[in-house]
Amino acid sequence: MTTTSAASSVVERLSAPPVNGPVHFSVEFFPPRDAEAEARLWRAVRVFERLDPAFVSLTYGAGGSTRDRTVRIAGEMATETTLVTVAHLTAVDHSIAELRSLVGAYADKGITNLLALRGDPPGDPLGEWVAHPQGVRYAQELVELIDGLGDFHVGVASFPEGHHRARDLDEDTAVLVNKLRAGAEYSVTQMFFDVEDYLRLRDRVVAADPEQGAKPIIPGIMPITSLASVRRMAELSGSVIPPAVEARFAAAAGNGPEEDRAAVRATGIDFATETAERLISEGVPCLHFCSLNFTKATCEVLGRVGVDVRAAMVAPAVG
Ligand SMILES: Cc1cc2nc3c(=O)[nH]c(=O)nc-3n(C[C@H](O)[C@H](O)[C@H](O)COP(=O)(O)OP(=O)(O)OC[C@H]3O[C@@H](n4cnc5c(N)ncnc54)[C@H](O)[C@@H]3O)c2cc1C
């Protein structure tokens, strides 16, 4: 069955009350590398579709064939499911002409919701950023470019701890406010470990520009199921795991030659649930789950914060 959601943009979806529980939620997927991973992705998409997320998003990586596959899959998510689909788009290795044609390719597939990102240097995310000679330098320029190409709904990234390349939090806030002023309708945050960092970001944006501060800042949540991989992820994004959080997960991981995956997973679900509960009590517009193309951990957290996940139970869980 091919249907499309009645609301066409992320902000429209968020402006209606959530129907399944105390808060809206959304789910991030990443492009699969091969046919087997793609089959798993689709199983996960179909499980989440039953729970009526506010939107789903598909990340955008480096590399030609993956990029083509990403555009195709995002298009299929938008046209063959009921989901409002957000396609991520980065400026890495693209000229402005290529970016224009990529935006056009998404539009041809019915995608009008885009997350405009600069992206990180391929290979070494912490390495020197080198813009394409005919490309753009910052995400703000990408927002402006997309805005000039038609009727798109654009979101951007935000960073509760500050982006690791920003001089300080003031500069980081100014960058976000400028992306919103340029036309972005909302932001989605990088995963964070301390809710206070999210709340302070929200306060900073409101203080800097109340009009832009009224736009949704959607917190990114990733239920941690492996300490080694979350340490690596934090390192690659220049993020810091607070000592108390590190100690909690290290205690769960134990001292054996391999981490106790079951105990780390249980701690990760508890931690994500506590984070989500606090965010809901602080009135966030939506919880954005980095699913890693799995369903179980996200559904567990959703169920524990009061989202009705029974519809997902009739489909086989993924991961
Ligand atoms: C929700 C989310 C989704 C993501 N999805 C993807 C994805 O799909 N694919 C992917 O490759 N990466 C993705 N990323 C990672 C992202 O691309 C990186 O974090 C990247 O380093 C920053 O991107 P940005 O869009 O925030 O860049 P920008 O907003 O351009 O900022 C980049 C740096 O430049 C500085 N800056 C910006 N504008 C100016 C200016 N005018 N003058 C001086 N300095 C400036 C900023 O302070 C910052 O340090 C995602 C990140 C998040 C939070």
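**Entry 1: α11 against α12**

I looked up which residues of α11 and α12 meet in this predicted model. From α11 I noted Ile269, Ala272, Thr273 and Ala276. Their partners in α12 are Ala297, Glu300, Val301 and Arg304. Sorted by class, this contact has five nonpolar, one polar and two charged residues.

Then I checked the geometry. Helix α11 covers residues 261–281 and helix α12 covers residues 296–304. Their axes come within 9 Å and cross at roughly 45 degrees. The angle makes α11 and α12 oblique to each other, because it falls in neither the parallel, antiparallel nor perpendicular range. I recorded the crossing of α11 and α12 as right-handed.

**Entry 2: α10 against α11**

Next I went to the other helix pair that involves α11. Helix α10 spans residues 243–253. I read an angle of about 150 degrees between α10 and α11, with the axes 7 Å apart. On the α10 side I listed Arg248, Phe249, Ala252 and Ala253. They meet Ala263, Val264 and Thr267 in α11. I counted this contact by class as five nonpolar, one polar and one charged.

**Entry 3: α6 against α7**

How far apart are the axes of α6 and α7? I found 10 Å, at an angle of about 65 degrees. Helix α7 runs over residues 195–208. With 65 to 115 degrees counting as roughly perpendicular, α6 and α7 are therefore roughly perpendicular to each other. Their crossing is right-handed. In α6 I picked out Leu169, Thr173, Ala174, Leu176 and Val177. These meet Arg204, Val205 and Ala208 in α7. The contact of α6 with α7 divides into six nonpolar, one polar and one charged residue.

**Entry 4: the ligand shell**

I turned to the ligand. There are 24 residues around it. Which of them come nearest? I found Thr59, His88, Arg118, Ala139 and Arg165. Elements giving two or more residues to the shell are β3 (85–90), α5 (139–147), α6 (169–181) and β6 (186–189). Helix α6 gives the largest share, four residues. So α6 turns up in two of my entries: it packs with α7 and it lines the ligand shell. By class, I logged eight nonpolar, 10 polar and six charged residues in the shell.

**Entry 5: confidence**

Last, I looked up the pLDDT. The protein chain averages 94, and 97% of the residues score at least 70. I flagged residues 1–6, where the pLDDT is below 50. Beyond near neighbours in sequence, this stretch has seven contacts in the model.

Technical notes. Residues are numbered from 1 along each chain as its sequence is written. This is a predicted model: local features need pLDDT of at least 70, side-chain atom pairs count only at pLDDT 80 or more; totals for chains, interfaces and linings use all residues. Axes are lines fitted to C-alpha atoms, for helices over the stretch in contact, and angles run from 0 to 180 degrees between N-to-C directions. Angles under 35 degrees count as roughly parallel, over 145 as roughly antiparallel, 65 to 115 as roughly perpendicular and the rest as oblique. A crossing is left-handed if the near helix is turned anticlockwise from the far one by less than a right angle, and right-handed if clockwise. Two residues are in contact if their C-beta atoms, placed from the backbone, lie within 7 Å. Ala, Val, Leu, Ile, Met, Phe, Trp, Tyr, Cys and Pro count as nonpolar, Asp, Glu, Lys and Arg as charged, and the others, Gly among them, as polar. A residue is near a molecule or strand if its C-beta atom, placed from the backbone, lies within 6 Å of it. pLDDT is the predictor's confidence in each residue, from 0 to 100.
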